[in-house]
Amino acid sequence: MAPMSVRKPETEATHRAGFACFVGRPNAGKSTLTNALVGQKVAITSNRPQTTRHTVRGIVHRPDAQLVLVDTPGLHKPRTLLGERLNDVVRTTWAEVDVIGFCVPADQKVGPGDRYIAKELAGIRKTPKVAIVTKTDLVDSKTLAEQLIAIDRLGKELGIEWAEIVPVSAVGDKQVRLVADLLVPLLPEGPALYPEGDLTDEPEQVMVAELIREAALEGVRDELPHSIAVVVEEMLPREGRPEDRPLLDIHANVYIERPSQKGIVIGPQGKRLKEVGIKSRQQIEALLGTPVFLDLHVKVAKDWQRDPRQLRKLGF
């Protein structure tokens, strides 16, 4: 009797898990892409450069993989001590991740800022790099094609071999999933790094401060974007509330650099600060899933961006 052939059981699909970071000059669409991939607002987005200060991790859970997104500040030529510290944060992050996504907006020609970052990237040999053309909803197909060619050329010129070049519109949700599909195979094999329900490992207090800061930046004149820092001093459940009607008390300070900026943040008859409070409170309640009482104060921390002591105090 012929021996029976024993079929080996199908091996389970390989699971991958690892870290990716999006890099690009300030305002290249990195945070918006992170939020679109994660499906919830975790990174501060603003149409002003230099708004992301903390390394915010967004976590994409998939049956076959877990992609942990590290959102770094935009790398730029530093003018202050804060700028130098932010650049150090960026380089350290790049050296530690499994894959880098280089973001370039479709609606602006490749410029010195992009070249500056690409040159730095060329020095990081081992990490695979994917070029992502963002904001494609803002341009026609001819402009997009020219941008894709320009990025391919930039890579060749600097000796970077792009693993992929992909166009994406995070706002229109075009190809956002494709970005994840391209990043996942570049991650190492391994089990999930975070529990299923987690969307970010940022401490809640930091995320709350970011939401307040984002609301404070909105509509503020051009002289202020770098001058605002927010510190959440206290987050405590209000005592004596019935279990079905909890209330979280949040006390936060909005710091600016000069007394003359106070009026800009507060606005006439406190109108702007009130709007900041309303807007950020709604976002915080959505994030934490609980009603919030938000107590906001504006304080002056003189020239905090250039003062090491103040930088430490404000969490940099």
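Visitor: When do two strands count as paired, and in what order do the strands of the open sheet stand?
Guide: Two strands pair if DSSP finds at least two bridges between them. In this predicted model, three strands form an open sheet with mixed pairing. Their order is β7-β8-β9.

Visitor: Which are the edge strands of this sheet?
Guide: Look for strands that pair on one side only. Two strands fit that description. They are β7 and β9.

Visitor: How many bridges join β7 to β8?
Guide: Strand β7 covers residues 229-237 and runs antiparallel to β8. One pairing to look for is Val-231 with Asn-253 in β8. The bridges joining β7 to β8 number eight.

Visitor: Do β8 and β9 pair in the parallel or antiparallel sense, and which residue of β9 is the bridge partner of Asp-249?
Guide: Strand β9 spans residues 292-300. Its pairing with β8 runs over nine bridges, in the parallel sense. His-251 stands opposite Asp-295 in β9. For Asp-249, the bridge partner in β9 is Phe-293.

Visitor: By how many degrees are neighbouring strands of this sheet turned against each other on average?
Guide: Direction is ignored here, so an antiparallel pair and a parallel pair are treated alike. The average turn is 15°.Visitor: Why is strand β8 largely enclosed by the rest of the structure?
Guide: Strand β8 runs over residues 248-256. A residue is buried when its relative accessible area is under 20%. β8 is largely enclosed because the number of its nine residues that are buried is eight.

Visitor: Which strands does helix α6 touch, and what angle does its direction make with that of β7?
Guide: Helix α6 packs on the sheet. The strands it touches are β7, β8 and β9. Its direction and that of β7 make an angle of about 125°.

Visitor: What angle does the direction of α8 make with that of β9?
Guide: Helix α8 also packs on the sheet, touching β7, β8 and β9. Its direction is compared with that of β9. The angle is about 135°.

Visitor: At what angle do the axes of α6 and α8 cross?
Guide: Helix α6 holds residues 204-217, and helix α8 holds residues 271-288. Their axes come within 8 Å. The crossing is right-handed. Its angle is roughly 145°.

Visitor: How many residues of the contact of α6 with α8 are nonpolar?
Guide: From α6, the contact includes Met-207, Val-208 and Leu-211. From α8, it includes Val-276, Ile-284 and Leu-287. Two of the contact residues are polar and two are charged. The nonpolar ones number 10.

Visitor: How many disulfides are there?
Guide: A disulfide needs two cysteine sulfur atoms within 2.5 Å. Cys-21 is in no disulfide, and the nearest cysteine sulfur, that of Cys-103, is 9.2 Å away. Cys-103 is in no disulfide either. The count is zero.

Visitor: Are Cys-21 and Cys-103 buried or exposed?
Guide: Buried means under 20% relative accessible area. Cys-21 has a relative accessible area of 1%. Cys-103 has 0% relative accessibility. Cys-21 is buried, and Cys-103 also counts as buried.

Visitor: Where does Leu-154 lie, and is this residue buried or exposed?
Guide: Leu-154 lies in helix α4, residues 141-158. Its relative accessible area is 3%. With the cut-off at under 20%, Leu-154 is buried.

Visitor: Which residues does Leu-154 touch, not counting those up to four places away in sequence?
Guide: Contact here means heavy atoms within 4.5 Å. The residues that Leu-154 touches are Phe-102, Val-110, Arg-115 and Ala-118.

Visitor: What separates the C-alpha atoms of Leu-154 and Asp-114?
Guide: Leu-154 and Asp-114 are 40 residues apart along the chain. The separation of their C-alpha atoms is 9.4 Å.

Definitions and conventions:
Residues numbered from 1 in each chain as written. Predicted model: local features only at pLDDT ≥ 70, side-chain atom pairs only at ≥ 80, totals over all residues. Heavy atoms only, no water. Buried < 20%, exposed > 50% of the residue type's maximum accessible area, 1.4 Å probe, protein only. Helix = DSSP H or I, 4+ residues; strand = E, 2+ residues; numbered from the N terminus. Axes fitted to C-alpha atoms, helices over the stretch in contact; angles between N-to-C directions. Left-handed = near helix turned anticlockwise from the far one by under 90°. Nonpolar A, V, L, I, M, F, W, Y, C, P; charged D, E, K, R; others polar.
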